[in-house]
Amino acid sequence: MTRREGDASVICGLGSSLPTRVVTNEDLTAAGLDTTDEWITRRTGISERRWAEEAVSTGDLATAAGRSALESADSPDADLVLVATSTPDRPLPATAPDVAHRLGLNHCPAFDMAAVCTGFLYALVAADALVQAGRYSRILVIGAETYSRIIDPRDRDTAAIFGDGAGAVLLRPGNADEPGAIGAAVLASDGARSDLIKVTAGGARLPHGDTIRPREERFFQMQGKPVFQNAVARMTEASRAVLESRRWPADSVEVFIGHQANQRILTAVASRLGIPETARYGNIRDVGNTAAASIPLAMAHAVRHQPPRRGARTVLTAFGGGLTWGAVTLTWPAVRTVDRPPEHRPDTKESTG
Ligand code: UT7
């Protein structure tokens, strides 16, 4: 599909940030989690993940990833900041305005996007539309999470999987035939299955109030098996839809990055679609499932370790709580990137622990 000149948004910056604290599978078993390195590796593909140090928050990771994306861009400025997260620094205000301020983007509009593990794709598609509508010309889209703060350290279904981190891209107006141009997109949700992935307490339906709620209400909960099945079906369906809309045969895809939920899910989706093995990129082994941060983190990892060809046909797909899911096509951007350490907020008095 060829589009008119100037009718696309283009990724012109890419950034990432990971906490320095590495937690290996052995560290989890040593801490008393009822699992083994062998089980986690075989059933999820994860060897280690990063968990933020006590003083590091989602906003600290988001600021560092955002700065890294701005530094990697042709022009380090933004006129809108979106932070996709389900682990914001506080219930309110949103994390994005603080991140924008810390990046020196004062008075720039900024808001959070809550679509759990699909959050980055939801924010990317919204940003693409806003750039194409001519509303904003430099949108910083950040996915940032600290799941280590909401998982139950005794729950092996979640504690073995989730990790912390942030990734970001900068979008500018451009042409559909430039490397980095966003193409087709599909987003969807199914609220009838909202119970499959949830944190029960702490919202309007079950506020914390003065009561200390039971563990299962305070911590993140996931029904692994149905989530697994839905993740495979929905990411396959969404990816197929965007491939059809671009008329891209699956074997012409050079870069396929799925939400890093579980290596078995990623392999099942890519195999069902017929994506060549050489096109399957990811970093789940090193960082686990970082929810909304996972796709930009995997993109940054690819650029640093096995840079795809500029302009290569690329498919991104994600699935998460809500339920939410989606897929996007683009061509691989002409960007370099450097991972930055989390940025501490010098004036923070609140404990994040
Ligand atoms: O990011 C958003 C979306 N999230 C996802 O997409 C995650 C989707 N789900 C999953 O990745 C997987 O379902 C899990 C990794 C959570 C669980 O893996 P599974 O292969 O689906 O395991 P299972 O729940 O079918 O359990 C198989 C066995 C059970 O033992 P029995 O009943 O066969 O004796 C579990 O008790 O494995 C056991 N098990 C574990 N054993 C050691 C479950 N978790 C663990 C563990 N360590 N961490």
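Which side chain has an N or O atom 2.6 Å from a nitrogen atom of the ligand? I looked this up before anything else, and the residue is threonine 35. I note at the outset that the model is predicted.

**Ligand contacts**

I went on to two oxygen contacts of the ligand. For glycine 224, I found a polar backbone atom 3.2 Å from an oxygen atom of the ligand. For histidine 259, the partner is a polar side-chain atom, and its distance to an oxygen atom of the ligand is 2.8 Å. I then checked how far the ligand is covered: on its own it has 940 Å² of accessible area, and the protein covers 76% of that.

**Pocket and shell**

I asked which pocket the ligand takes up, and the space turned out to be the second largest pocket. I listed the elements that give two or more residues to the shell around the ligand: α2 (37-44), α6 (156-159), α8 (224-246) and α9 (263-273). Of the shell, α8 supplies the largest share, with 4 residues.

I counted 21 residues around the ligand. I wrote down the closest of them as Thr35, Arg156, Lys225, Asn262 and Asn289. Sorted by class, the shell holds 9 nonpolar residues, 6 polar ones and 6 charged ones.

**Chain as a whole**

I read the secondary structure of the chain as 11 helices and 13 strands. I compared the radius of gyration with the globule rule: the chain has 19 Å, and this agrees with a compact globule of 353 residues, which would have a value near 20 Å. I also took the box filled by the C-alpha atoms along the principal axes, and noted roughly 55 × 45 × 40 Å.

**Backbone exceptions**

I looked for backbone geometry that departs from the usual, given that most peptide bonds are trans and most residues other than glycine have a negative phi.

Where does the cis peptide bond from leucine 92 lead? It leads to proline 93, with omega near -5°. I placed proline 93 in the loop between β4 (80-84) and α4 (96-102).

I recorded another cis peptide bond between glycine 322 and leucine 323, where omega is about -15°. Leucine 323 belongs to the loop that runs between β12 (313-320) and β13 (324-331).

My last entry is histidine 107, which is not a glycine but has a positive phi of about 70°. I located histidine 107 in the loop between α4 and β5 (110-113).

Conventions. Residues numbered from 1 in each chain as written. Predicted model: local features only at pLDDT ≥ 70, side-chain atom pairs only at ≥ 80, totals over all residues. Heavy atoms only, no water. Near = heavy atom within 4 Å. Polar contact = N/O pair within 3.5 Å; in protein donor to acceptor, adjacent residues only side chain to side chain. Areas by Shrake-Rupley, 256 points an atom, 1.4 Å probe, with all protein chains shown as cover. 1 Å grid on protein atoms, 1.4 Å probe; cavity = no way out; pocket = protein on both sides within 12 Å on 5 of 7 lines; lining within 4 Å. Sits in = over half its atoms within 2 Å of the grid points. Nonpolar A, V, L, I, M, F, W, Y, C, P; charged D, E, K, R; others polar. Rg over C-alpha atoms; globule rule 2.2 N^0.38 Å.
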